[in-house]
Amino acid sequence: MNALEVINSRQSARAVTLTEPVPSGDDLADILQAGMSAPDHGAIRPWRFKIIEGDARGRLGDIMAEALKLKDPQADQAALDNIRSKPLRSPMIVAVCAEITEDHPKVPPIEQIVATACAGQNILNAAHAKGYGAIMLSGWVAYDDHVKSGLGLEPKDAIVAFIYMGSIDGSGPVKERPLHAQYTSTWTG
Ligand SMILES: Cc1cc2nc3c(=O)[nH]c(=O)nc-3n(C[C@H](O)[C@H](O)[C@H](O)COP(=O)(O)O)c2cc1C
């Protein structure tokens, strides 16, 4: 596929449908390297990619359950079990995080988060180009300070998305995308 074919045919896979094998070795390196080509005002490189596989997914689930307990001490066992199971949906997660440089003279935090999101999109496209499936997911856990801390981040930092990744069988329906013209106009002043 050429670049446009990759971009235009990318679509998210449901996390629970993603299976082993996950990208590793050169495939994983190529996918993550694609993140490094994101537009980045000030060359801050705010993104941090955290690979979460195997038992670490369970540990992330435990941290998410702790976060729920802190947020809602009344949370029942079903809710705790539910949130604990989230990272187990796929064999691999790449947490796409932004370590924010506060008070940067030219680049406000929003631009650092946008740059990190662009890195995440490059990762999605690269994973697709290599034949893997992926989806960006967030939820309240992405904004929670206890979860951030568990991933080695500070409250000022951001978990832009959890990219769930793995193999797909590719037999699912192809999504129709709206035409760009519906979203485009020429501004004439
Ligand atoms: C930052 C970010 C976070 C997202 N979080 C969720 C989420 O928590 N749950 C969800 O169902 N979709 C979420 N999405 C949307 C999916 O990643 C996906 O784009 C959507 O299901 C549409 O699929 P498509 O990518 O094939 O168009 C998120 C998207 C972005 C950009």
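1. Ala134 has its place in strand 3, and this residue makes a convenient starting point for reading the structure, which is a predicted model. With 28 other C-beta atoms within 10 Å, Ala134 counts as buried because the cut-off is 20 or more such atoms within that distance.

2. What does Ala134 touch, if residues up to four places away in sequence are not counted? The contacts of Ala134 are Ala13, Leu124, Ala127, Ile163, Tyr164 and Met165. One of these partners, Ala13, lies 121 residues from Ala134 along the chain, and yet the C-alpha atoms of the two are separated by 5.5 Å.

3. Strand 3 belongs to an open sheet of four strands, whose order is 1-2-4-3 and whose pairing is antiparallel. Strand 1 and strand 3 are the edge strands, since each of them pairs on one side only. On average, and with direction ignored, neighbouring strands of this sheet are turned by 25 degrees against each other.

4. The pairings can be followed strand by strand through the sheet. Strand 1, which covers residues 47-53, pairs with strand 2 in the antiparallel sense over seven bridges, and Arg48 stands opposite Cys97 of strand 2. Strand 2 and strand 4 are likewise antiparallel, over seven bridges, with Ala95 having Phe162 in strand 4 as its bridge partner. Strand 3 and strand 4 pair in the antiparallel sense over six bridges, and here Ile135 stands opposite Tyr164 in strand 4.

5. Two helices should be considered together with the sheet. Helix 5 packs on the sheet and touches strand 1, strand 2, strand 3 and strand 4, while its direction makes about 5 degrees with that of strand 4. Helix 3 lies across strand 1 and strand 2, and it runs at about 110 degrees to strand 1.

6. Strand 2 deserves a careful look, as seven of its seven residues are buried. In a regular strand the side chains alternate between the two faces of the sheet. Here Met92, Val94, Val96 and Ala98 point one way from strand 2, whereas Ile93, Ala95 and Cys97 point the other way, and all of these residues are buried.

7. Which residues touch the most other members of the largest nonpolar core? Among its 41 residues, these are Val96, Ile163 and Met165. Two or more residues of this core come from each of helix 3 (55-71), strand 2 (92-98), helix 5 (109-129), strand 3 (132-137) and strand 4 (158-167). Strand 4 gives the most, with eight residues. In soluble globular proteins, nonpolar side chains tend to be buried together.

8. Ile163 shows how parts of the chain that are apart in sequence are brought into contact: leaving aside residues up to four places away in sequence, Ile163 touches Ile93, Val94, Val96, Gly120, Ile123, Leu124, Ala134 and Met136. Ala134, the starting point of this note, is thus among the contacts of Ile163.

9. The last point concerns the ligand, whose surroundings are formed by Gln11, Ser12, Ile135, Met136, Leu137, Ser138, Gly139, Ala161 and Lys175. Strand 3 supplies the largest share of this shell, namely three residues. Sorted by class, the shell holds four nonpolar, four polar and one charged residues.

Definitions and conventions. Residues are numbered from 1 along each chain as its sequence is written. This is a predicted model: local features need pLDDT of at least 70, side-chain atom pairs count only at pLDDT 80 or more; totals for chains, interfaces and linings use all residues. A nonpolar core is a set of buried Ala, Val, Leu, Ile, Met, Phe, Trp, Tyr and Cys residues joined through C-beta atoms within 7 Å. A residue is buried if 20 or more other C-beta atoms lie within 10 Å of its own, exposed if 12 or fewer, and partly exposed in between; C-beta atoms are placed from the backbone. Two residues are in contact if their C-beta atoms, placed from the backbone, lie within 7 Å. Two strands pair if DSSP finds at least two bridges between them. A residue is near a molecule or strand if its C-beta atom, placed from the backbone, lies within 6 Å of it. Ala, Val, Leu, Ile, Met, Phe, Trp, Tyr, Cys and Pro count as nonpolar, Asp, Glu, Lys and Arg as charged, and the others, Gly among them, as polar. Axes are lines fitted to C-alpha atoms, for helices over the stretch in contact, and angles run from 0 to 180 degrees between N-to-C directions.
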